Amino acid sequence: MTATDTTAPTTSRPVVPPPNAVGESALPELRAMWWETGMRARADAGLRAVFAEIPRLVGTALGIAWRADRTRTLVVAAATVGAGVMAAFGLLATQRVLLELFSAGPTPDRVLAALPALSLLAGSAAVRAGLGIVTGYAQNGLSPRVDREVERRLFETTTAVQLQAFDEDAFADDMERASRGSSSVISLVQGAMNLLAGLAGLLAVTVAVVVIHPLLLVALLVATVPGAWAALKAGHQRYQTYMAGSVRRRRLWILHRLMAERPSAAELRTYGLRSFLLDLYDKVMGVETRIQLDLARRTTTTTAIGSVVGGAATGAVYLLLGVLLLNGHIPLAAAATCVVAVQAAQRSLAAATFQIDRIYDEGQHFRDYDQFLDRATAHMPPAAGSVEAGPLAQLSVDEVTLTYPDRDTPAVDKVSLVIRQGQTVAFVGENGSGKTTLAALVAGLRAPAAGTITWNGHPYAELREQSMQARIAVVTQDYHRWPFSVATNIALGDIDTDAEPDRIHAAAVKAVAHDVIAELPHGYETLLDKTFADGQDLSGGQWQRITAARGFFRDADLLIMDEPSSALDPRAEHALFQAIRDRQGRQTTILITHRLANVRHADRIYVLDRGRLVEAGSHDELMGSGGRYAELFTLQAAGYQSASV
């Protein structure tokens with residue numbers, strides 16, 4: 001078959017300003033990041049909205065902790081309540097000690113009279129300290145359990161969704177935020193428990209003060225509320241400024257990577273970009289510095305106002321205590337205890353206000369996590385079939401179509417073809433013609449929007465997923481560099497079978513990787529990641545050999561190789577394709593390559609253009625027809641012919 005040529009649409013070229021005209025705009029607009037979500041919500045919310053949300057978030061945190069470890073959650077709750085009770089008891093004991101010490105009589109008698117209350121005070125302090133240790137121990141044991149439960153649930157979801165979910169920008173953004181949300185759970189749980197501890201301490205002080213004298217409760221509120229208001233207000237200002245400067249900070253982060261990391265180091269020096277990047281840094285950092293100075297002025301003003309008001313309120317409290325003392329409404333011991341209570345309340349309230357900000361911020365991230373898990377259900381694969389995928393006899397593609405979410409035209413458009421056992425088949429075409437997408441559909445990595453693909457007459461949906469996967473191996477052009485040993489990198493090709501050294505060695509030989517591996521410091525046990533001690537890095541061509549070995553290790557009925565030799569030298573490329581040709585007649589292979597000389601031996605060559613199948617046949621048949629394949633092959637072959645003199 002032949003194709004009808006179409007004219008590609010013209011597109012306008014972007015206008016690029018010269019370097020000397022580029023300031024901060026040299027870095028393009030940045031999209032919102034996952035870590036900004038909670039902070040932006042905190043910055044936009046008023047204090048009333050924050051307080052309204054806190055009960056729900058605390059309940060959520062306690063529910064997570066309860067599911068993760070009921071025993072430790074109960075221990076923390078009991079210890080927190082106990083510490084609050086001990087705090088109240090301690091204040092009452094303090095009042096009793098002071099009452100005895102300030103009473104009439106000889107000093108030794110007063111001290112002896114105060115000893116029982118002093119013993120109770122010391123005992124309550126000791127018990128409270130012990131409960132603090134118990135709380136810390138229980139929280140330290142609870143945190144990893146919470147982390148494991150939440151993180152595993154996220155990974156169970158991300159590894160189960162269909163591959164096409166990752167094509168959607170919204171899904172990728174949601175997953176970024178959910179990852180932050182999973183790590184925020186620990187802070188959310190700890191913040192909730194610390195808030196409850198602070199509130200328990202505050203409640204204990206309130207109860208003790210009311211027992212001593214009800215009027216002292218008013219004095220307590222007057223002395224503590226201004227400072228708490230100032231702390232929350234200053235925190236609100238910091239959040240607002242932080243969010244306003246998020247783009248600048250990310251620009252600084254990008255500039256840091258460009259100037260201080262290995263990938264850009266060579267071109268930075270080659271093109272003399274040092275002054276250009278430093279100038280960008282100065283411009284961005286100059287703006288950030290001015291904003292931080294303005295923030296310092298505003299927060300200092302807020303905290304100063306809070307301190308002045310709080311100081312005046314505390315002075316008024318002491319004046320009130322003096323008046324009550326002079327009028328005989330409260331004893332001296334009660335007044336002294338009130339001074340201690342005010343200081344304790346201020347500490348507890350400061351801790352509570354800090355935890356409120358923390359809980360609200362982390363709670364927004366956790367909400368992203370919860371919402372992601374709910375939305376991910378729409379991307380889960382349909383229920384798998386029960387039919388076992390037997391040895392491949394025939395694979396049929398019938399009118400298959402697939403369009404990516406961000407595209408208007410199909411990547412694969414009504415393609416039909418048949419592949420039989422033992423055939424070597426090639427998908428060829430120019431960039432963007434749909435070769436890799438079609439291979440992904442054949443491999444079962446993507447589901448077509450229309451049409452069907454059958455394995456021995458059974459639609460993929462009817463097959464048991466694990467049995468089909470076991471019969472297909474895929475070597476992708478966008479391979480992943482797994483941070484494991486060489487042997488493990490190869491054995492990943494068939495993770496459900498024993499990684500026998502002989503099988504690993506045989507796969508490496510087929511992929512022309514054995515000689516490369518033998519030269520590594522630890523051979524097949526060499527760790528392929530420079531991040532770790534004794535780790536090694538490989539060149540692109542060496543990694544491509546390891547990836548090809550992974551495909552050969554499975555020894556599958558169907559092997560799909562997408563650009564397996566793009567980074568190989570000619571000798572290695574020849575050896576690799578010889579190993580592929582050795583499969584011909586026994587097992588089925590699908591080849592994708594732009595080097596058309598490597599597909600001459602293929603039983604069937606399918607030529608794609610803009611997602612449509614435009615030609616099919618053997619090399620000789622396609623060359624004889626003079627169509628697109630012949631044009632591309634002749635054009636490529638001309639580069640290897642000697643020019644006439």
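This short talk walks through the helices and the two sheets of a predicted model.

Before we start, please keep in mind that the model is predicted, that local features need pLDDT of at least 70 and side-chain atom pairs count only at pLDDT 80 or more, while totals for chains, interfaces and linings use all residues. Residues are numbered from 1 along each chain as its sequence is written, and side-chain values use heavy atoms, with hydrogens and water left out.

Let me begin with a helix, where helices (H or I, at least four residues) and strands (E, at least two) are DSSP runs numbered from the N terminus. Helix α9, residues 274-326, has 53 residues and reaches 75 Å from its first C-alpha to its last, which is close to the 78 Å expected at 1.5 Å a residue; that expected span is 1.5 Å times one less than the number of residues. Just after α9 comes Gly328, which takes a positive phi of about 75°.

Now to the sheet of four strands, and a reminder for those new to this: strands of a sheet pair through backbone hydrogen bonds, either parallel or antiparallel. Here, two strands are said to pair if DSSP finds at least two bridges between them. This open sheet has the order β2-β1-β4-β5, with antiparallel pairing. Because β2 and β5 (458-459) stand at the edges with a single partner strand each, one side of each is left without a neighbour in the sheet.

Which residues stand opposite Ser396 in β2 and in β4? Its bridge partner in β2 is Val418, and in β4 it stands opposite Thr454. Strand β1 (residues 394-402) pairs with strand β2 (residues 412-420) over six bridges, and five bridges join β1 to strand β4 (residues 450-455). Asp398 stands opposite Thr452 in β4. Going on along the sheet, two bridges join β4 to β5, and the bridge partner of Thr454 in β5 is Pro459. These two strands form a hairpin with two residues between them, and Asn456 in the turn has a positive phi of about 55°.

The other sheet is also open, with six strands in the order β6-β7-β8-β3-β9-β10 and mixed pairing. Its edge strands are β6 (472-475) and β10 (612-617), each of which pairs on one side only. Within this sheet, strand β3 (residues 424-428) and strand β9 (residues 604-609) pair in the parallel sense over four bridges, and Val428 stands opposite Val607 in β9.

Helices lie against this sheet as well, where contact means heavy atoms within 4.5 Å, and where axes are lines fitted to C-alpha atoms, for helices over the stretch in contact, with angles running from 0 to 180 degrees between N-to-C directions. Helix α19 (residues 628-638) packs on the sheet and touches β3, β9 and β10, its direction making about 95° with that of β9. Helix α16 lies across β6 and β7 (558-562), running at about 175° to β6.

Finally, α16 (residues 540-554) also meets helix α14 (residues 501-510), their axes coming within 8 Å and crossing at roughly 125°. The two are therefore oblique to each other, given that angles under 35 degrees count as roughly parallel, over 145 as roughly antiparallel, 65 to 115 as roughly perpendicular and the rest as oblique. In the contact, Arg503, Ile504, Ala507, Ala508 and Lys510 of α14 meet Ala549, Phe552, Phe553 and Arg554 of α16.
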